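Work through the exercises below with the structure open beside the text. Each task is followed by a solution in steps.

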2 protein chains.
Amino acid sequence: MTKQSAFIAAVLTAAFLLLMPFAWAAPADFADIEAEIAAQHDEGVQRLQEWIRLPSIAAEDLGYPEGPEHMKSLLLDVGFQQAVVVETDGKPGVFATLDAGAPRTLGVYFMYDVKQFVPAEWSSPPLGAVLVDKPGLGKVIMGRGAVNQKGPEMAFLEAIRAIRAAGRQMPVNLVLVAEGEEEIGSPHIGQIVYRPDVQAALAGTIGVIMPSASQGRDGIVTVSLGAKGVIEVQLIASGERWGRGPGKDVHSSLKAMIDSPTWHLVHALNTLVSADGNTITIDDYPQPLPISAAEKAMVAEAAKRRDEAQLKEQLSTPRWIDDLPLEQALERLVSQPTVNIEGLVGGYTGPGGKTVLPHKAEAKLDLRLVPDMTAEGALAALKAHLQRHGFGDIEVNMSGGYDPTSTPASAELIQAQISVLKAAEIDPILWPRSAGSYPGYVFTGPPLNLASGHFGLGHGSGAHAPDEYFVIESSNPEVEGWDGAIMSYVEYFYELGTP
Amino acid sequence: MTKQSAFIAAVLTAAFLLLMPFAWAAPADFADIEAEIAAQHDEGVQRLQEWIRLPSIAAEDLGYPEGPEHMKSLLLDVGFQQAVVVETDGKPGVFATLDAGAPRTLGVYFMYDVKQFVPAEWSSPPLGAVLVDKPGLGKVIMGRGAVNQKGPEMAFLEAIRAIRAAGRQMPVNLVLVAEGEEEIGSPHIGQIVYRPDVQAALAGTIGVIMPSASQGRDGIVTVSLGAKGVIEVQLIASGERWGRGPGKDVHSSLKAMIDSPTWHLVHALNTLVSADGNTITIDDYPQPLPISAAEKAMVAEAAKRRDEAQLKEQLSTPRWIDDLPLEQALERLVSQPTVNIEGLVGGYTGPGGKTVLPHKAEAKLDLRLVPDMTAEGALAALKAHLQRHGFGDIEVNMSGGYDPTSTPASAELIQAQISVLKAAEIDPILWPRSAGSYPGYVFTGPPLNLASGHFGLGHGSGAHAPDEYFVIESSNPEVEGWDGAIMSYVEYFYELGTP
């Protein structure tokens, strides 16, 4: 449910051979800014540590209102002239502006929330934000949100701090929106972005960027031209809604005379996909656009630079769907919608067994969407399908989701990235769309119709997983550490600020 | 997985109208024993409380070896001359004998383990064994094991204590086996019962009885002529065993190119039962014997004394399978095998969603068996079916189970129950078999070929559920409290001891 460019980039690029030597160096005339970045290094990392130690998790109602208040103070601290908390029907957002008197204005999208975590699964405390040595990578900061998205976002803020500390004006003005519900599918982001003053401010930008650690473990950079949409739904079967089966858990022997809501759910699920789990069989489901020639070419180019064996090892996956070769598997990844079961939970879930006939069972699904599918259309088709097949009683609880988002490669927001990267002799991989999702549709769709993308050097991984990290001191010359990540935003600001 | 006669009796009898006034009274010549029971009342209840506070739960490896040691000391304390802990490959059993020089010997089956519990679901602490007032019932002891099976078992032991305290000899000798794994399906009971000295001792008995609270809430007594068998199995699909899908949880967007073990499990489950969840569709599955005319007559008689509305309310179930009338639903209950899902667990199970593609998913099933099905035959058919349908990689972990058990109504063990009840002007319901299960097959099958059943007045409920209780001071004259339950065993001993 997140853009997760770090994760997706890792997935897609970890295996690609880096063909040319990488050397990120600030042009001579940024020496003053570089000096400020170096001077603030330790304090900047500390600011990131403090932020990680203050998690906001919407699914658990944890860290509100501390999260948005802290977000606001971080923005004011680096020089935004105004920052306000924006209330919504869910968790609040933050809206901030930095007017540098520059000719152009960049939109920025932040999330201040993080994914849930299970401390027992981590090798260091998920809220510890401890600096640990990671073989082959160097010194990394480990903690929930390190790469998704606090590390890159804090590097972005440190870039603003360094430019101003060098006595300079920012080369672009900024309009920033932050939300606190990204990890539950951004259910109220429209209430932030479309608030009249926020929408008006965004309408004057050249597009909206989200900071991200877009380098793979090997340094390769992926520039993504959009992202899939997604809906997250919980399907809940219960005796109460069904009007059959028990209204509370009863002894399992009663299955002989009482219906089972759990079997009802299993049979409903079974109608959603083909027997191999891979083809969607929901009646009248919105169809994806065929993959375009340009997209196929991007995938083919990327697949050529692959190390398929390493990618499979990283995902502990011995084969792709239908035993496809990597190129076709990657075509599927960028172009096909999915119906995935995130989790099943019902009845007794502890060790061994317990002889109950459960009154309720739940399947947690996510459905990824590609152009021109819409969240609304997919949800409606799912509900109509269940109704038609005798499962109309099953509760369909959409907890979040949104449409896919696309930005043309020709957009200035994208071209400026490529310029900055090429100047540093990085040959990025252009990628049709991330298989993960972020709510870029609020920017790229009407009424704003802006470009939207992700940018930032640096590397991290483990979003949504244990031991999430972001590299601070890189031992790999092809991967940027903290200072290099910050410097990449400086370069980007100057590139965009020069019409 | 337990006999649960209290629960099943409640299910089956709560709704049946009591047609004749109930009056349990000890014959005059037991006045001395009755006096001893009254004198020991408070201490006996305390002994039960102490036992409840010492739970043994095999699924959680809790309370061993304290459980069997305590069981042994309880037996020695009431006058068994010898009691030994019997080691098995799992949790130990206990074997004890009481030789009263009587002409006849009664076999006794105890369980000292209890079901798992979730304290948050209880209105008083599950290990508190607190005496609480329950409207319509009186004063009950509330705690895990209160009715399943420590309450009835302790009442049984108090009966022995009272007879001996009155200066009498026990009218029957006793051979007792206790196990500590009943709630996980008695996987090692054979190692206890078939130990040569134990088997030899049991071979000399007139049959094996398990104490139970066989009165429904309204006082009705059910005499059951056997019980279904059961197997409990966990079906586990994993990427590792499948050779497809991930070996660890990965980001859900990867569903577009990686197979899902969870979908694999859902499709496997779907092949096991019909679309309504009620007819088993496992290939070559052992078939049940048709319900006999005698069994149909028992069910018809029981159904006539029903209050169907009250039964449905108690089970919060608005209708039976296929909208059957109660009589046909009860026929199904006693005669049909089942495939029940006890629980589903896989991937993310917390609140809301989490965008993962899980590497593993598990379904916990129990399959109830009726004559002449066997646990071995059912398991073999399940495994062969999965193999044949392309699910041979799914792990089938049988955690426990055994064959059905039957005892003819003509058995002395049963006839003695009926005599005792009729003498007290109770007209019991004869019932073909409990839909729940207990490992009576070790006694009724070869080589022992004994009768086996349950007996005991008193009432309780909540086995395997929160707020399990057993009535101590009954406010309903038709339901026996603690002293009456103890007295019912005294009567039974004397009835059996008189050839």
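**Exercise 1: Relating the two chains**

Laying chain A on chain B takes a turn of 180° and a shift of 0.1 Å along the axis, and the RMSD is then 0.1 Å. The model is a predicted one. State how the two copies are related, find the C-alpha of chain A nearest the axis, and say through which surface the copies meet.

Solution.
- Step 1. Two copies of a chain are related by a rotation about an axis and a shift along it.
- Step 2. With a turn of 180° and a shift of 0.1 Å, the copies are thus related as by a two-fold rotation axis.
- Step 3. Within chain A, Val345(A) has the C-alpha nearest the axis, at 2.4 Å from it.
- Step 4. Of the interface residues of chain A, 100% are also interface residues in chain B, so the copies meet through the same surface.

**Exercise 2: A helix pair in chain A**

Describe how helix H2 (residues 31–39) and helix H5 (residues 146–165) of chain A pack, and name the residues that make the contact.

Solution.
- Step 1. Two packed helices are described by the angle between their axes and the distance between the axes.
- Step 2. For H2(A) and H5(A), the angle is about 120° and the axes are 8 Å apart.
- Step 3. Angles of 65 to 115 degrees count as roughly perpendicular and those over 145 as roughly antiparallel; H2(A) and H5(A) are therefore oblique to each other.
- Step 4. The crossing of H2(A) past H5(A) is right-handed.
- Step 5. H2(A) contributes Ile33(A), Glu36(A) and Ile37(A) to the contact, and H5(A) contributes Ala162(A), Ile163(A) and Ala165(A).
- Step 6. By class, these residues are five nonpolar, no polar and one charged.

**Exercise 3: A sheet in chain B**

Give the strand order of the six-stranded open sheet of chain B, identify the edge strands, and place helices H7 and H16 on the sheet.

Solution.
- Step 1. The order is S1-S2-S6-S3-S7-S18, with mixed pairing.
- Step 2. Strand S1 (82–86) and strand S18 (452–455) each have a single partner strand, so one side of each is left without a neighbour in the sheet.
- Step 3. On average, neighbouring strands are turned by 25° against each other, direction ignored.
- Step 4. Strand S3 (residues 105–111) and strand S6 (residues 173–179) of chain B pair in the parallel sense over seven bridges. Met111(B) has Glu179(B) of S6(B) as its bridge partner.
- Step 5. Helix H7 (residues 196–203) of chain B lies across S2, S6 and S7, at about 135° to S6(B).
- Step 6. Helix H16 (residues 482–497) of chain B packs on the sheet, where it touches S3, S6, S7 and S18; its direction makes about 140° with that of S18(B).

Conventions: Residues are numbered from 1 along each chain as its sequence is written. Chains are lettered from A and ligands numbered from 1 in the order in which they are written. This is a predicted model: local features need pLDDT of at least 70, side-chain atom pairs count only at pLDDT 80 or more; totals for chains, interfaces and linings use all residues. Side-chain values use heavy atoms; hydrogens and water are left out. Axes are lines fitted to C-alpha atoms, for helices over the stretch in contact, and angles run from 0 to 180 degrees between N-to-C directions. Helices (H or I, at least four residues) and strands (E, at least two) are DSSP runs, numbered from the N terminus. Angles under 35 degrees count as roughly parallel, over 145 as roughly antiparallel, 65 to 115 as roughly perpendicular and the rest as oblique. A crossing is left-handed if the near helix is turned anticlockwise from the far one by less than a right angle, and right-handed if clockwise. Contact means heavy atoms within 4.5 Å. Ala, Val, Leu, Ile, Met, Phe, Trp, Tyr, Cys and Pro count as nonpolar, Asp, Glu, Lys and Arg as charged, and the others, Gly among them, as polar. Two strands pair if DSSP finds at least two bridges between them. Copies are superposed by least squares on the C-alpha atoms of residues with pLDDT of at least 70 in both.
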